[in-house]
Amino acid sequence: MVIAARGAYPGGPIWEGSASPPTSHRGHSGRMRSSLTPLGPPVSRDRIITSFPKWYTPDACLQLKEHFHGQVSSTCQSRNTGTVGLRLSKVVVVGDLYVGKTSLIHRFCKNVFDRDYKATIGVDFEIERFEIAGIPYSLQIWDTAGQEKFKCIASAYYRGAQVIITAFDLTDVQTLEHTRQWLEDALRENEPGSCFVFLVGTKKDLLSGAACEQAEVEAVRLASEMRAEYWSVSAKTGENVKAFFSRVAALAFEQSVLQDLERRSSAQLQVGDGDLIRMEESPPETQESKTSSSLGCC
Ligand SMILES: Nc1nc2c(ncn2[C@@H]2O[C@H](COP(=O)(O)OP(=O)(O)O)[C@@H](O)[C@H]2O)c(=O)[nH]1
Ligand SMILES: [Mg+2]
């Protein structure tokens with residue numbers, strides 16, 4: 001598999017991790033252009049998130065909070081989210097062939113379910129723009145290129161992911177058993193503890209309510225072991241698809257804002273430390289002038 005990468009576009013968004021945009025992007029040039037421009041067209045109404053989206057089941061969820069972190073809310077209100085609005089957060093979708101990964105992405109991004117959709121050829125991603133708590137935010141959702149057939153995906157696919165979605169077919173228990181291995185492969189390419197993990201059971205429409213509940217028991221147990229949040233969805237009917245991706249976006253957004261705040265405060269601390277050392281070394285009468293000149297540099 002070849003992932004074409006030419007690095008960040010000048011003036012474009014900041015690419016999280018080592019994820020770089022492919023140079024040619026099949027069929028999405030219009031979408032790319034708008035998402036690369038911070039002042040692009042307004043996001044569609046159903047991509048506007050104002051309150052924290054809820055989990056699917058409290059038995060396997062990443063957090064039970066119903067509101068944005070207080071610090072995140074106030075940062076968003078004061079529009080002080082730094083570079084968060086310019087970033088693309090990388091989301092990778094993994095799982096066995098035919099579990100419905102491409103269908104899930106297509107349902108969310110294009111609101112279609114195409115039964116005859118051909119197996120994915122070549123690496124592909126979709127960019128979905130959101131507005132969360134008043135701040136623009138984009139997910140870059142990567143689909144595999146059919147390499148999952150060989151149980152081997154190039155490491156560049158996983159690298160720099162903020163979110164890992166492991167998908168399995170609710171009607172095929174073997175695909176659930178394989179999710180642990182997919183997750184291991186994806187985590188190996190990322191910093192420990194840096195990714196949100198989701199376990200998603202697909203094709204919910206093929207099961208009765210009772211059969212779905214039964215399949216979910218084992219899936220929820222495994223999700224807890226994997227420290228993943230569990231969701232059952234149907235790309236065919238669209239059930240839970242939007243709610244699921246809204247949850248992904250909100251969790252990733254909140255983490256991005258908090259990380260940005262942390263980065264900025266530690267940068268300020270470093271500046272402060274430097275001043276402190278200089279102040280100790282300086283004779284008392286020059287302290288003030290040194291402090292103001294060093295702050296002026298920054
Ligand atoms: N009934 C049903 N079929 C689905 C659903 N999602 C995918 N499929 C079908 O499952 C097959 C594999 O889907 P695809 O998205 O190509 O799987 P991928 O290989 O994981 O990307 C296709 O025939 C899809 O039409 C779903 O939610 N419900
Ligand atoms: Mg596919």
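Which helices and strands are among those that cover the buried residues of H7? I took this as the opening entry, working from a predicted model.

**Entry 1, cover of H7.** I found that the cover over the buried residues of H7 includes two helices, H5 (173–177) and H6 (179–188), together with strands E7 (196–202) and E8 (229–232). I then listed the residues of H7 that are buried: Ala215, Glu216, Ala219, Val220, Leu222 and Ala223.

**Entry 2, geometry of H7.** I noted that H7 spans residues 209–225, 17 residues in total. From first C-alpha to last, H7 reaches 24 Å, close to the expected 24 Å at 1.5 Å a residue. I also looked for a bend and recorded one of about 30° at glutamate 216; Glu216 is also on the list of buried residues. After H7 comes arginine 227, for which I read a positive phi, near 55°.

**Entry 3, ligand 1.** I counted 17 residues around ligand 1. Those that come nearest are Gly100, Lys101, Thr102, Ser103 and Lys236. I asked which element gives the most to this shell, and it is helix H3 (residues 101–110), with three residues. By character, I sorted the shell into six nonpolar, six polar and five charged residues.

**Entry 4, the whole chain.** I recorded nine helices and eight strands in the protein chain. Of its 298 residues, 37% count as buried. Lastly, I considered contacts between residues at least 6 apart in sequence, and noted that 74% of them join residues at least 24 apart.

Technical notes:
Residues numbered from 1 in each chain as written. Chains lettered and ligands numbered in written order. Predicted model: local features only at pLDDT ≥ 70, side-chain atom pairs only at ≥ 80, totals over all residues. Near = placed C-beta within 6 Å. Helix = DSSP H or I, 4+ residues; strand = E, 2+ residues; numbered from the N terminus. Nonpolar A, V, L, I, M, F, W, Y, C, P; charged D, E, K, R; others polar. Buried ≥ 20, exposed ≤ 12 C-beta atoms within 10 Å, placed from the backbone. Contact = placed C-beta atoms within 7 Å. Expected span 1.5 Å × (residues − 1). Bend = angle between axes of the 7 residues up to and from the residue.
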